[in-house]
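Me: I would like to learn how to read the surroundings of bound ligands in a model, one feature at a time. Could you take me through them?

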Amino acid sequence: MTKSRMVFYSELDDFEAWRKALEPEAIELCRNEDITDVDGVRSALVWKPPHGFFQSFRNLELVVNLGAGVDALVGRNDLPDIPITRLSDPRMARMMAGFVLFAVTRYARDIPQFEKAQRQRRWHYLHPKDPADITVGVLGLGELGLEAARECARHGYRVLGWSRTQKDVDGISCSSGAEALASVLPQSDIVVCMLPKTRETDDLLDAGRFRSMKQGAFFINVSRGSVVDEPALIEALQSGWLGGATLDVFAKEPLSEDSPLWDMENVLITPHLASIALPSSAARQIGENVRRIARNEVVLSRIDPRRGY
Ligand code: NAP
Ligand code: GLV
């Protein structure tokens, strides 16, 4: 079988793991610096490549974003005019759903209060609430967002899902469009942000929107920090309007050492790892798209650079 050559760039991901996972797909993955015949490169697997990266590959036919969020690619002016795909991997979605369920459960079961009580050697019994009495608002019902929303519904929470276009999902009360957000936020005890970074979502969750949430509500952000006006979030947490936040993503990463978020007792910080691209399961989709390109067929999970996701 003739192998298709793909160039790799990522400062975070394991090249060897991806090279091995793509071998059975008849893809020869090469590091940029190891390529001698640039014209033989047909596709690229990249996470945040440097500006100008694509220029030398004249025969590129496909760019695969090594992740779900494509914001680092679509905003730039050096993109070739060829299909750009995102990773679409059920195991990546499961991993995200697991993280979201953990963060939701932590608040629903009052775990931060028990952590505090433990530090004070205090037996602090709080009768657990029925999950059906806890409303979880999930903003963004995409591949990862929908799986996370379903996971919460499976655990008995009342789930409100919000997206750009209307969805109809069993067990989730769905709404769409700017106006509906004004109804989802005040109803939710826990708000989970699963929105991509786009022109429309930048700073979407601002002071007014945090104020419109229930007093004492919890906020979980696992998508992109840019969706949040960070100073407004800090204010909402410091004033006690919000009960707490679990933040995996930030406006600027790594989060700066002097951010007040580090010292806030009601904030849990994780360093952007709620979910990752898993070579063993994601390789199949990449192989399928490379074969589709070779056959002149439409690729799967193509993103729309103008829409931003
Ligand atoms: P996706 O499949 O691209 O779905 C995006 C969802 O957001 C869709 O439901 C979309 O609505 C909705 N949306 C977009 N713009 C909107 C707007 N202006 N108003 C309302 N809804 C809007 O994304 P995904 O796979 O679920 O992933 C979500 C994000 O998670 C990614 O973009 C990425 O930034 C982030 N992520 C983070 C990690 C991590 O480790 N922290 C890992 C992977 C991904 P429609 O359905 O109507 O189009
Ligand atoms: C990670 O943040 C991703 O978008 O895959």
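Me: How many residues surround ligand 1, and which are the closest?

Reply: Some conventions come before the count: this is a predicted model, in which local features need pLDDT of at least 70 and side-chain atom pairs count only at pLDDT 80 or more, while totals for chains, interfaces and linings use all residues. Residues are numbered from 1 along each chain as its sequence is written, chains are lettered from A and ligands numbered from 1 in the order in which they are written, and side-chain values use heavy atoms, with hydrogens and water left out. A residue counts as near a molecule if one of its heavy atoms lies within 4 Å of it; here 31 residues surround ligand 1, the closest being Arg86, Thr165, Lys167, Asp248 and Tyr309.

Me: Which classes of residue make up the shell around ligand 1?

Reply: Ala, Val, Leu, Ile, Met, Phe, Trp, Tyr, Cys and Pro count as nonpolar, Asp, Glu, Lys and Arg as charged, and the others, Gly among them, as polar. On that scheme the shell around ligand 1 holds 14 nonpolar, 10 polar and seven charged residues.

Me: Where does ligand 1 lie with respect to the domains?

Reply: Domain bounds come from an automatic or database domain assignment. Ligand 1 lies between domain 1 (4–89 + 277–294) and domain 2 (90–269), because both give residues to the shell around it.

Me: Which backbone atoms lie at polar-contact distance from ligand 1?

Reply: A polar contact is a pair of N or O atoms within 3.5 Å. A backbone N or O atom of glycine 142 lies 3.1 Å from an oxygen atom of ligand 1, one of glutamate 143 lies 3.0 Å from an oxygen atom of the ligand, and one of arginine 164 lies 2.9 Å from a nitrogen atom of ligand 1. With accessible areas taken from the Shrake-Rupley method with a 1.4 Å probe, ligand 1 taken alone exposes 930 Å², of which the protein buries 92%.

Me: Which residues surround ligand 2, and which polar contacts does its oxygen chemistry give?

Reply: The shell around ligand 2 consists of Trp47, Gly67, Ala68, Gly69, Met92, Arg224 and His272. Oxygen atoms of ligand 2 lie 2.7 Å from a backbone N or O atom of alanine 68 and 2.7 Å from a backbone N or O atom of glycine 69, while a side-chain N or O atom of histidine 272 is 2.6 Å from an oxygen atom of ligand 2. The protein covers 84% of the 190 Å² of accessible area that ligand 2 has on its own.

Methods. A polar contact is a pair of N or O atoms within 3.5 Å; within protein, one must be able to donate a hydrogen and the other to accept it, and residues adjacent in sequence count only if both atoms are side-chain atoms.
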